[in-house]
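The following report concerns the structure displayed below. It proceeds from one helix pair to the overall fold and then to individual residues.

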Amino acid sequence: MNEIAAALPVDDHSLSRSLRPRHVTMITIGGIIGAGLFVGSSAAIAAAGPAIVVSYLLTGLLILLIMRMLGEMAVGMPQIRSFTEFARAGLGNWAGFSVGWLYWYFWVIVVPVEAIAGATIIQGWLPGVPAWQIGVALMALMTGVNLMSARAYGEFEFWFASIKVTAIIAFILVAAAYAFGLRSPTGQTFANLVAHGGFAPHGALAALAAVTTVIFSMMGAEIVTIAAVESTEPARAVARMTSTVIGRILLFYVGSIFMIVSVVPWNLVVPGQSPFTLVLDTIHIPYASTIMAWIILTAVLSCLNSAFYVASRVLFVLAAHGDAPHWLVKTNRRHVPARSVLLASVAGFAGVIAAILSPSMVFAFLVNASGALIVFIYLAIAVSQVRVRRQAELAGKPPSALPMWLFPWLSYLAIAGMIAVL
């Protein structure tokens, strides 16, 4: 249904197939690991204490179920190659239209959010330059990268995401050595998990409530269904990534958060300040603040790059189905939907301007409004999977090569979880 080639002449306005498996892998990871982990986790830790580890674990398992449902539909319907279009297959054209535009809006808001975050970091090194000028420069840079080619975007994201992954693995290893007493002058530090009010100082309910905060920082695994369209084997890429990427994300998120609350007392974590920097300072790593600032900047630029890419491709798909102006169904000679990229750029610049003129009203409203949308979108995908599976069973089709576990109970559990978060 969502086969771009079916709607467009392949030689004229089709997307490229230049992304390799390593690009798809890092694009997916890059879209998930951002400032939400390196900085945003501080607010979650302060709210739930060491029990935040349980919050991240529950959130990761919930997203794992969503990704498994996506994997089943991707393998069963290889002609559908966009995350948002599974809602069209399961719930009808109205769902494809609604989910597509809501998803585009979500990522278009991410563009100025990440641009402003990056500008704030850089302004610390260039205090004489206004933040808005730096934000505009970052927007122009990412617009240029995304206009070059899918391969250029893939390479950019591969190396930026690789830096993030390497940094997180190194952090976990260094922190683990300290927590186990190998570098700590006072021996093992795991007592921090139960000291200072216990493992759940604010109660078990606080750990469950923190899921609503944590889930927004872990969104983005579904990017694989969009990036895979421009790989050589889309269905295979989606099937592989939906089964493996969440395991890696759980390692990065849960592993690093567990190390943070093990090395330092949770009540020393200040919301808005990177707990990673606090841990590195505690371990006496030289230039910890500078190191983390560069890593966070890398994470921000990576997410900004992914947001540009996703917003442009989703808009391209919407246009191919007649849900957006048809003039957007056009690619340049490098098979890049340049008009969709530029429209995302315009929206991003508008967001930066809104943040400058009205940071506490207009921009705050846009960010808050976009947050709950992604949960609604995931809910629509989960309901679509149940309907598609039921329809396949009634039609007597053979079971999927990548079936949802314990269907329908785990599907229902995922739906209930999303409703609870909302």
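How close do the axes of helix H15 and helix H16 come, and at what angle do they cross?

## Basis of the model

This is a predicted model, in which local features need pLDDT of at least 70, side-chain atom pairs count only at pLDDT 80 or more, and totals for chains, interfaces and linings use all residues. Residues are numbered from 1 along each chain as its sequence is written, and side-chain values use heavy atoms, with hydrogens and water left out.

## The H15 and H16 pair

Two packed helices are described by the angle between their axes and the distance between the axes. For helix H15 (residues 275-282) and helix H16 (residues 288-320), the axes come within 9 Å and cross at roughly 150°. H15 is therefore roughly antiparallel to H16. Angles over 145 degrees count as roughly antiparallel, those under 35 as roughly parallel, 65 to 115 as roughly perpendicular, and the rest as oblique. Axes are lines fitted to C-alpha atoms, for helices over the stretch in contact, and angles run from 0 to 180 degrees between N-to-C directions. Helices (H or I, at least four residues) and strands (E, at least two) are DSSP runs, numbered from the N terminus.

The crossing of H15 and H16 is right-handed, meaning that the near helix is turned clockwise from the far one by less than a right angle; an anticlockwise turn would be left-handed. On the H15 side, Phe276, Thr277, Leu280 and Asp281 meet Ala288, Ser289 and Met292 of H16. By class, this contact has four nonpolar, two polar and one charged residues. Ala, Val, Leu, Ile, Met, Phe, Trp, Tyr, Cys and Pro count as nonpolar, Asp, Glu, Lys and Arg as charged, and the others, Gly among them, as polar. Contact means heavy atoms within 4.5 Å.

## Overall fold

The protein has 19 helices and zero strands. Its C-alpha trace spans about 65 × 55 × 40 Å along the principal axes. The radius of gyration is 21 Å, which agrees with the value near 22 Å for a compact globule of 422 residues; it is taken over C-alpha atoms, and the globule rule is 2.2 Å times the number of residues to the power 0.38.

Buried residues make up 58% of the 422 residues. Buried means under 20% relative accessible area, exposed over 50%, and partly exposed in between (1.4 Å probe, protein chains only). Among contacts with a separation of 6 or more, 81% involve residues 24 or more positions apart.

## Backbone geometry

Most residues other than glycine have a negative phi, and most peptide bonds are trans. His284, which is not a glycine, has a positive phi of about 70°, and Tyr287 has a positive phi near 55°. His284 lies in the loop between H15 and H16, as does Tyr287. His284 is exposed at a relative accessible area of 65%, and Tyr287 is exposed at 68%.

A cis peptide bond, with omega about 5°, joins Phe407 and Pro408. Pro408 is found in the loop between helix H18 (362-394) and H19.

## A buried loop residue and the segment after H19

Thr84 is located in the loop between helix H6 (52-76) and helix H7 (85-91). Is Thr84 buried or exposed? Thr84 is buried, with a relative accessible area of 1%. Leaving aside neighbours within four places in sequence, Thr84 is in contact with Gly96, Val99, Gly100 and Tyr103.

Leu422 is in the segment after helix H19 (409-421) and counts as exposed at 52% relative accessibility. Not counting residues up to four places away in sequence, Leu422 touches Ala372, Val375, Phe376 and Leu379.
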